[in-house]
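This report looks at aromatic ring pairs and cysteines. The sequence and model come first.

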Amino acid sequence: ALSLTRATSARFQYGAIHMLGASQSATPVAITGASTPAFTDVLVDQANAGVDMIVLNGSSPAFDHVEVTQAHCAFHFNSASAVTVTNSFVHDNAYALMNYSATNTLWSTDNLVRNTVNLGICTGGSVVANTVFASPAAVFDSSCTSQTNTAPAASALTGVGPRPEP
């Protein structure tokens with residue numbers, strides 16, 4: 001598991017974080033406090049149906065060209081500000097995002113596929129989706145009716161998810 005609890009601007013690039021599948025009992029990636037790491041071209045997979053993969057508490061990371069799959073929540077934002085998820089492929093989770101109270105969250109140029117709920121639980125935060133493709137569920141669940149979905153993508157986007165290392 002990866003736990004970032006202090007102010008850090010670490011960069012995670014061109015890698016994979018594989019979890020323990022059904023044996024995974026704790027959050028694999030926890031980011032707390034003033035952490036602002038960047039994840040680029042990273043695969044995070046193999047948690048279990050009861051575990052949230054990436055959990056934020058008071059941080060502002062950036063995720064670009066990531067793939068997150070096989071968890072309860074791919075992303076679970078308890079509190080955060082100005083988080084970006086761009087050019088990413090988030091699939092086969094119960095939730096792509098549970099956004100409890102993160103503000104100014106931006107999802108842009110992403111594919112959300114085979115998640116039971118894509119962007120949901122918008123109880124105290126704000127989310128903007130820009131050029132996001134979602135299938136089969138809608139981009140937002142009913143708790144996110146006041147959120148913004150600009151320029152929804154009509155078909156799956158190409159060039160999303162981790163790219164090979166040059």
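## Aromatic pairs

How many aromatic pairs are there? The count comes to 5. The model behind this count is predicted.

Phenylalanine 12 and phenylalanine 39 make up a stacked pair. Their ring centres lie 4.8 Å apart, with 20° between the planes. An angle under 30 degrees counts as stacked, so the label follows from the 20°. The pair joins distant parts of the chain, 27 residues apart. Phenylalanine 12 sits in strand β2 (residues 11–18). Phenylalanine 39 belongs to strand β4 (residues 38–45).

## Burial around the rings

Are the two stacked residues buried or partly exposed? Phenylalanine 12 has a relative accessible area of 23%, so it is partly exposed. Phenylalanine 39 is at 2% relative accessibility and therefore counts as buried. The cut-off for buried is under 20%.

Phenylalanine 75 and phenylalanine 77 form an edge-to-face pair. Here the centres are 5.9 Å apart and the planes meet at 75°. Edge-to-face requires over 60 degrees, so this pair qualifies. Both phenylalanine 75 and phenylalanine 77 are buried.

Which residues do ring pairs link into a cluster? They are Phe12, Phe39, Phe63, Phe75, Phe77 and Trp107. The cluster thus takes in both the stacked pair and the edge-to-face pair.

## The disulfide

The structure holds 1 disulfide. Cysteine 122 and cysteine 144 form it, with their sulfur atoms 1.9 Å apart. The link is right-handed, with 80° about the S-S bond.

This pair also links distant parts of the chain, 22 residues apart. Cysteine 122 lies in the loop between β13 (117–120) and β14 (127–135). Cysteine 144 lies in the loop between β14 and β15 (148–150). Cysteine 122 is buried, at a relative accessible area of 10%. Cysteine 144 counts as buried too, at 2% relative accessibility.

## An unpaired sulfur

Why does cysteine 73 have no bond to cysteine 122? The closest cysteine sulfur to that of cysteine 73 is in cysteine 122, and it is 12 Å away, so the two are too far apart for a bond. A disulfide needs sulfur atoms within 2.5 Å.

Cysteine 73 is at 0% relative accessibility, so it counts as buried.

Notes
Residues are numbered from 1 along each chain as its sequence is written. This is a predicted model: local features need pLDDT of at least 70, side-chain atom pairs count only at pLDDT 80 or more; totals for chains, interfaces and linings use all residues. Side-chain values use heavy atoms; hydrogens and water are left out. Rings of Phe, Tyr and Trp (its six-membered ring) pair if their centres lie within 6.5 Å; planes under 30 degrees apart count as stacked, over 60 as edge-to-face and the rest as tilted. Helices (H or I, at least four residues) and strands (E, at least two) are DSSP runs, numbered from the N terminus. Buried means under 20% relative accessible area, exposed over 50%, partly exposed in between (1.4 Å probe, protein chains only).
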